[in-house]
Amino acid sequence: MAKRNLQARGPVDGGTRSHSGLRIDGARLLGRLDELSKIGADPAGGITRLGLSDQENVAMAYLRDLCAEAGLKTETDPAGNLLVHRPRTRRDAAPVLLVGSHVDTVVQGGWLDGAYGVIAALEVLQVLHEHDVDLPVEVVAVAFANEEGALIQTPFWGSRALCGSLEDGLAAEDRTGRPVSEYLVQAGGSPEHLADAAWTPGSIAAYLELHIEQGPTLERLGLPIGVVDGIVGRTILDIDVVGEAQHAGTTPMPDRRDAMVAAAGIVLAAERVVTEHAVCATATTGYLEAHPNVTNTITGNVRMSVEVRDTDPANLVRGEAAVREECSRVAAASGCDVDVRASMRSQAVSTAPELRDAIRGAADALGLPHLTMPSGAGHDAQIVALVAPIGMIFVPSKRGISHAPGEDTAPDDLVHGANVLLHSVLGAQAPVAAWL
Ligand code: GLV
Ligand code: MN
Ligand code: MN
């Protein structure tokens with residue numbers, strides 16, 4: 001990508017001095033978040049707006065309508081990502097400062113995980129548009145498709161596609177075997193042109209993501225802003241346990257190959273990998289499906305996923321190895337076959353010091369105390385980090401709850417975070433322009 005004449009496009013300070021009084025429209029931000037939370041509202045509680053599902057498509061359509069009303073230009077890329085830019089720019093004319101998050105949720109997830117970062121990014125873009133702020137590095141907002149991977153088992157689908165790291169994307173499917181291509185067409189994407197979703201190397205100058213913390217730290221310390229220094233890495237292990245379905249009353253206990261009992265052994269052993277042996281930061285069995293799932297039949301097979309996380313890549317490798325070892329041990333003890341396959345690996349990454357400084361500068365200028373902290377949750381930012389410098393801003397989560405219906409953040413904190421994002425975008429202009 002050709003280097004640009006930065007001076008020709010506006011002041012390199014990006015207007016941080018001249019635009020220090022700019023603020024996002026708090027009522028507009030909160031109103032839009034509230035509207036978005038109605039899309040995929042689950043009668044059983046929380047929000048079920050799975051990536052590439054009809055609900056995510058409706059949410060993307062809602063965002064497109066907001067943008068049209070605001071005079072912003074939108075484009076859906078072949079992977080189903082929504083890209084938004086100001087009318088005076090082409091989004092692919094020069095390296096851009098990308099800002100965004102995702103709008104999909106887990107099953108019965110919360111209203112802010114991802115949605116907050118997208119609505120805030122649109123708000124920032126709208127404010128820049130309304131005030132005709134001239135920027136050395138233009139801002140493009142993005143709503144990444146399918147970050148969670150709750151329906152199509154490929155977390156970070158959209159960011160991987162955009163960053164050119166979606167390998168074998170069309171092999172993805174839902175748990176019933178329906179291929180991603182069918183979902184993609186419904187989402188306005190294009191399976192045939194999926195590879196074209198990848199941006200040219202160098203075309204992302206930097207990436208900023210605003211997100212709820214999803215943990216208890218900021219609230220416990222009474223701090224409104226987190227400056228993320230690193231994001232945890234994660235490996236998902238899909239495990240198939242195959243035993244033998246048999247009569248629950250007539251099969252003697254020593255003769256059984258009970259996949260449920262074997263799976264239970266794996267669940268507990270995976271937990272001990274962390275709680276007793278401190279091999280990695282977390283290990284979680286979040287998904288488990290038993291067959292035939294009948295009260296009076298011994299379980300024939302179980303499909304389950306164990307995921308491990310750590311900020312240190314070596315610990316992540318050790319965590320995976322430890323879980324695999326436990327699976328072999330359980331297989332030998334139970335007589336069941338246990339097949340383990342890593343279905344997703346995301347790397348632990350660091351944020352760029354210059355972008356951390358821009359975020360701290362923005363928070364300081366707004367009188368908001370902050371904490372530098374790691375992220376235990378995964379984010380699209382960690383995929384973008386493999387091709388561009390990233391920065392992340394956190395706001396407090398009430399009682400640290402996330403991926404659950406109780407997820408919430410105080411309105412003032414939501415507005416503060418969006419203002420920090422706005423002023424980080426402005427404050428990051430000089431360091432980001434210097435990288436081009
Ligand atoms: C992302 O939502 C994660 O699981 O950390
Ligand atoms: Mn999430
Ligand atoms: Mn998220």
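**Entry 1. The manganese ion (ligand 3)**

I began with the donors of the manganese ion (ligand 3), which follow the spacing H-x10-D-x97-H along the chain. The model I am reading is a predicted one. I then looked up the atoms involved: His-102 (NE2), Asp-113 (OD) and His-211 (NE2) coordinate the manganese ion (ligand 3) at 2.0 to 2.2 Å. I noted that the pair His-102 and His-211 links distant parts of the chain, with His-102 in strand β3, His-211 in strand β5 (residues 204-212), and their positions 109 residues apart.

I checked how covered these two histidines are. His-102 has 1% relative accessibility and counts as buried, because the cut-off for buried is under 20%. His-211 is likewise buried, with a relative accessible area of 1%.

**Entry 2. The surroundings of His-102**

I stayed with His-102, a residue of strand β3. I looked up the polar contacts of its side chain. The side chain of His-102 reaches the backbone oxygen of Asp-104 at 3.0 Å. A further polar contact, of 3.1 Å, joins the side chains of His-102 and Asp-113. I recorded that His-102 and Asp-113 are also both donors of the manganese ion (ligand 3).

Next I looked up Val-103, which is placed in the loop between β3 and α3. Val-103 is buried, with a relative accessible area of 0%. Its C-alpha atom is separated by 7.9 Å from that of Gly-51, although the two residues are 52 residues apart along the chain.

**Entry 3. The manganese ion (ligand 2)**

I turned to the other manganese ion of the pair. Which residue coordinates both the manganese ion (ligand 2) and the manganese ion (ligand 3)? I found that Asp-113 does, and that the two ions are 3.6 Å apart.

The protein donors of the manganese ion (ligand 2) are Asp-113 (OD), Glu-148 (OE) and His-403 (NE2), and they lie 2.0 to 2.1 Å from the ion. Along the chain these donors follow the spacing D-x34-E-x254-H. I located two of them: Asp-113 is in the loop between β3 (96-102) and α3, and Glu-148 is in the loop between β4 (139-144) and α4 (157-163). The two residues are 35 residues apart, and the pair links distant parts of the chain.

I then asked whether Asp-113 is buried or exposed. Asp-113 is buried, with a relative accessible area of 5%. Glu-148, at 14% relative accessibility, also counts as buried.

**Entry 4. Ligand 1**

I listed the residues around ligand 1: Glu-147, Glu-148, Arg-234, Arg-309, Ala-377, Gly-378 and His-403. Among them, Glu-148 and His-403 are also donors of the manganese ion (ligand 2).

I looked up contacts made by oxygen atoms of ligand 1. An oxygen atom of ligand 1 is 2.6 Å from a polar backbone atom of Gly-378. For Glu-148, an N or O atom of the side chain is 2.8 Å from an oxygen atom of the ligand. For His-403, the corresponding distance from an N or O atom of the side chain to a ligand oxygen is 3.0 Å. On its own, ligand 1 has 200 Å² of accessible area, and the protein covers 94% of that area.

**Entry 5. Helix α3**

I compared the span of helix α3 with the expected one. At 1.5 Å a residue, the 16 residues of α3 (residues 115-130) should span 22 Å; the end C-alpha atoms are 22 Å apart, so the two values agree. How many residues of α3 are buried? I found 14 of its 16 residues to be buried, and the helix is thus mostly covered. Just after α3, Asp-132 takes a positive phi of about 45°.

**Entry 6. The aromatic pair**

I searched for aromatic pairs and found that the structure holds one. The ring centres of Phe-144 and Tyr-207 are 6.0 Å apart and the ring planes meet at 55°, so the pair is tilted. Phe-144 lies in strand β4 and Tyr-207 in strand β5, so the pair ties together parts that are 63 residues apart in sequence. Phe-144 is buried, with a relative accessible area of 0%. Tyr-207 is buried as well, and its relative accessible area is 0%.

Terms used. Residues are numbered from 1 along each chain as its sequence is written. Chains are lettered from A and ligands numbered from 1 in the order in which they are written. This is a predicted model: local features need pLDDT of at least 70, side-chain atom pairs count only at pLDDT 80 or more; totals for chains, interfaces and linings use all residues. Side-chain values use heavy atoms; hydrogens and water are left out. Helices (H or I, at least four residues) and strands (E, at least two) are DSSP runs, numbered from the N terminus. The expected span of a helix is 1.5 Å times one less than its number of residues. Buried means under 20% relative accessible area, exposed over 50%, partly exposed in between (1.4 Å probe, protein chains only). Donors are N, O and S atoms within 2.8 Å of the metal (3.2 Å for Na, K and Ca); water is not among the atoms, so sites may look incomplete. A residue is near a molecule or strand if one of its heavy atoms lies within 4 Å of it. A polar contact is a pair of N or O atoms within 3.5 Å; within protein, one must be able to donate a hydrogen and the other to accept it, and residues adjacent in sequence count only if both atoms are side-chain atoms. Accessible areas come from the Shrake-Rupley method with a 1.4 Å probe; for residues, only the protein chains shown count as cover. Rings of Phe, Tyr and Trp (its six-membered ring) pair if their centres lie within 6.5 Å; planes under 30 degrees apart count as stacked, over 60 as edge-to-face and the rest as tilted.
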